[in-house]
Amino acid sequence: MSTASHPTFKLVKEESIASLNVVVQEFEHIATGAQHIHLQTDNEENVFLVALRTVPEDSTGVAHILEHTALCGSKKYPVRDPFFMMTRRSINTFMNAFTSSDWTAYPFASLNKKDFNNLLDVYLDAVFFSRLDPLDFAQEGHRLEFEKADDPSSPLVFKGVVFNEMKGAMSSVPSQLWHTLSRYLFPTSTYHFNSGGEPDCIPDLSYEELVEFYKTHYHPSNAIFMTYGDIAAKTHQEKFESQVLQHFKKLDKKIVVTDEKRYYSPISVQEGYPCNEDNLENKTHVVVAWLLGHTTDLTETMRLRLLSSVLLDNSATPLMHALESTELGQAPSPLCGLDDSQKELSFMCGLEGCAQDAVDDVEKLIIETLSQVIEEGIAQEDIESALHQLELHQREIGGDSYPYGLQLILTALTAATHYGDPVQQLNLEAALKQLRQDIQDPDFIQKLAQQYLIDNPHRVRLMLSPDKDMSSRKEAAEKARLDKIRQALTDSDVQHIIEQSKALEERQNKKDDESILPKVTLSDVPKEEVDVTGEKRQSVTCYPTGTNGLVYQQNIYALPDFNQQQLEILPLYSQCVSELGVGELNYLDVQRKQASVTGGISGFSSIRTTPDNPHTTSGYFIYSGRALNRNQKALTELLSDTINSLRFDEHSRIAELVAQVKARKEQSIPGNGHSLAMIAATSGICAAANLTHMTSGLGGISKIKALDTQLKENNARIELADQLAAIHQAITTNEHQSLLIAEQQYIDEFCNVIEETQPQKAAGTSSVFELQKHEQKIRQAWLINSGVNFCAKAYQTVPIEHPDAAALTVLGGVLRNGFLHKTIREQGGAYGGGASQDSSNGAFRFYSYRDPRLEDTLTDFDRAVEWLLAEEQPWQRIEEAILGTISSLDKSESPAGRVKRCFYASLHGRTIEKRQQFRERVLAVTYSDLARVAGQYLQPEKANCAIICDTSSRGIAEKLQLDIMEI
């Protein structure tokens, strides 16, 4: 493989990593010192990322606001919104920007070379030649406006996309936990501050400070270019040099994160978080955290990863077992584990759902558990299992959530940010080999626990308690601040605010010349989906594909006809599959066994409507696992034992699981509010959508909370266990089939093992799964602790086989790109908003995300349809929406992930022929199709509506005649 570089770069290091199938090449730009790390592979999905070390010295969110503002126009592309414009002119598999605690990164990926180069042109110019227009800073960061923009007698308010985004983000209790803990764990370094921005501090940032931060941080001398794929490093470097690097000289300033000053003794702190619930008992969080060594020291990092795994990886590990089984709290804290994303490692653990007077006992439990580990040691097989998990993680090819190449790049980025060895972070074989030698010392884990935890004085104990009045105090403080500003305004200040609002609106309404931006067209789009086909062998469907030494297996059972109560606890049953005892083994023994031979066992249901009718459904339950090839027989036996001998007599364990599920679901609301609002709005359209709402949505969260309360009684635990056992019996007596995904040379051997170990049983008498038809008008407002809102409307439409489904899908893109992005995000100040067709449930949904508005947003959803129908839309806008639709169909996937998607699509009747038909219909959509379906289906009086809003907005919700719902 060629290691040739552009003459302006020198090769620093090259290393082949067989376990990842890449050659890693590290280069340095001679003139500026810019770093280029290239992961050469034969993968046609090419990935690019440029990262800048960004080290804030306050919590104004300067790095985060700069990330947004930099993407609002550049020297070569002086249009207002090149980033979002390019999302519509591209068939990328990933495109975004991130602000971390010590770096800002701009990544994208594409399977199409033309598209990749288009995006590279725009990204390079955006990052290094940004215009940073003051109006963009006002829109994306923060600004003062009168509530009625042209009426100075109306109240003064703060606006801004990042301001509202962080109000929403910081309403999440885990986020508050993390940032509060960081303030004390890092008293002097950049991690003391919230790089995303504290809503109280964001208005303190001036435009001049933003520009100054850009000049010192967004420079090639402070940049790390990272690439992955089959494009050669030299080809990338030619573009870097010609478009950026030749225009810069080396910067004298070196951006570094300083080491944290260490405490000489542990500290204890108490802070509060907003909680408007009447009952504040058992809602306190207690976390204990330690500051450890450097992430750039791979030996130290790997040892601490192993220590964390040994202590916390599963319910059988000592610290996790202590946290799960104690009566001091309801569930382990969401902050349990090793954080290796920053310059210095930290380890933390704790409990949520504690009484306020339990804090000393929680800390005592943690310290005593660690002391017990040091005194008694850890079984050698458990240490081997933890090491096995590290090996499995190293080998597995990801890429189903975002591109595999990007995952590898982000793994190397932390070391590169802090001038460490990024190649070493990717090639863990030597480190794993060293760990195998290390663990031969019978006291190895005990020594680590003693050195890094027990004897480490840099320890913080945080108690975060609920405060019923905190939200109102925050609102009052913001109002008082605005009143003070208002009183100090001169006439010219007032006029400036009005003129800025007007200028921003004019800028937002201005029609840019988009033709200066590069684009792909429909001629560049693949006309067919890349399908994968398997071979059916008796009851096993086998798919040979590249899995890098792993095997994936699933046993798939047809769902029986459950009643409503059984359906609503089916997700809890799914949780139990991997968390309870099996046969003679209790749940702790099972957890140990799973860790020793698999990458995890899981259970989940797959329920979908049929392609031609959203009121009929098909359903399956899947027992799934993955393992290294050498453990395939053990994986098969473990799956079989789980299916045949799962125990439901561990009543206390089931109650623990309910408490953990409840905690996770409650924590998920602030980050997934738009999805939950759409699920709620869609729940009245068909039975499958209602089931999703009652299991995965807000209805399900309400039910799991109620169930957790009921399980304080022993009789309720017995009754629930009996219900779960009945579900298990009904599923496992139905007929089943198996799915096998492995490398070609192992297919025959592994298939034989499955058929010998799990022979097809005669089908039982269970009835066939179906849902009763469900249609209901929904008008709901769900009240939570949140400084922002999530709005949704849903309309009944058609399933995917209907000819109108393609037009409705494209319509979502046209409405988002042409109207909703401007009105909801740019003008309304929400972090996001859009529309989409949900063909599975036959529903079209509008949504907004982290939105400061309510009523106006709901009105804008209706105005979007009026806008579309008012005049014919230009073909370019329709083409962009079609490109976006195809891009979502061809999203990034791992080899195993693609197999699973295609297999389950066909299992539910969505064959490759039907998927191809839908694709062709999408490519053929015209404006007349859009106008027809919009007029036919999206009539305002037919809308279902659901919002998630702060408890302070109850009055607005009642004015809108929405049913008030509380979780």
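**Loops, helices and cores in the predicted model**

Leu132 is found in the loop between helix 3 and helix 4 (134-140); helices here are DSSP runs of H or I with at least four residues, strands are runs of E with at least two, and both are numbered from the N terminus. The structure is a predicted model, in which local features need pLDDT of at least 70 and side-chain atom pairs count only at pLDDT 80 or more, while totals for chains, interfaces and linings use all residues. Residues are numbered from 1 along each chain as its sequence is written, and side-chain values use heavy atoms, with hydrogens and water left out.

Leu132 has a positive phi near 50° although it is not a glycine. With 5% relative accessibility, Leu132 counts as buried, a word that stands for under 20% relative accessible area, against over 50% for exposed and anything in between for partly exposed (1.4 Å probe, protein chains only). A second residue of this kind is Arg850, whose phi is positive at about 45°. Arg850 sits in the loop between strand 26 (843-849) and helix 28 (855-870) and is buried as well, its relative accessible area being 9%. A glycine with positive phi, near 80°, is Gly377, which follows helix 11.

Helix 11 itself has 18 residues and spans 26 Å from first to last C-alpha, close to the 26 Å expected at 1.5 Å a residue; the expected span is 1.5 Å times one less than the number of residues. Its buried residues are Val359, Val362, Glu363, Leu365, Ile366, Thr369, Leu370, Val373 and Ile374. An α-helix has 3.6 residues a turn, so residues three or four places apart point the same way. The cover over the buried residues of helix 11 includes strand 12 (284-294), helix 9, helix 10, strand 15, helix 16 (444-454) and strand 16 (459-467).

Helix 10 (residues 318-325) has Leu319, Met320, Ala322, Leu323 and Glu324 buried. These residues pack against helix 9 (298-312), strand 13 (331-332), strand 15 (344-354), helix 11 (359-376) and helix 22. In helix 1 (residues 62-70), nine of nine residues are buried.

Helix 22 (residues 651-682) also gives the largest share, eleven residues, of the largest nonpolar core. Such a core is a set of buried Ala, Val, Leu, Ile, Met, Phe, Trp, Tyr and Cys residues joined through side-chain atoms within 4.5 Å. This one has 74 residues, of which Tyr573, Tyr623, Leu720, Leu724, Ile731 and Leu740 touch the most other members. Beyond its neighbours within four places in sequence, Tyr623 has contacts (heavy atoms within 4.5 Å) that include Gln553, Tyr573, Leu639, His728 and Ile731. A second, separate core of 63 residues includes Phe27, Leu71, Leu124 and Leu489.

Leu71 appears again in the lining of the largest cavity, together with Pro82, Phe83, Met95, Val122, Tyr123 and Ala126. A cavity is a set of points on a 1 Å grid over the protein atoms alone where a 1.4 Å probe fits but cannot get out, and lining residues have an atom within 4 Å of a point. The largest cavity holds about 30 Å³ of space, a volume being the space filled by probe spheres set on points that are joined across faces, edges and corners. Helix 2 (82-88) and helix 3 (113-128) each supply at least two lining residues, and the largest share, three, comes from helix 3.

Terms used. On a 1 Å grid over the protein atoms alone, a cavity is a set of points where a 1.4 Å probe fits but cannot get out, and a pocket is an open set with protein on both sides within 12 Å along at least five of seven lines; lining residues have an atom within 4 Å of a point.
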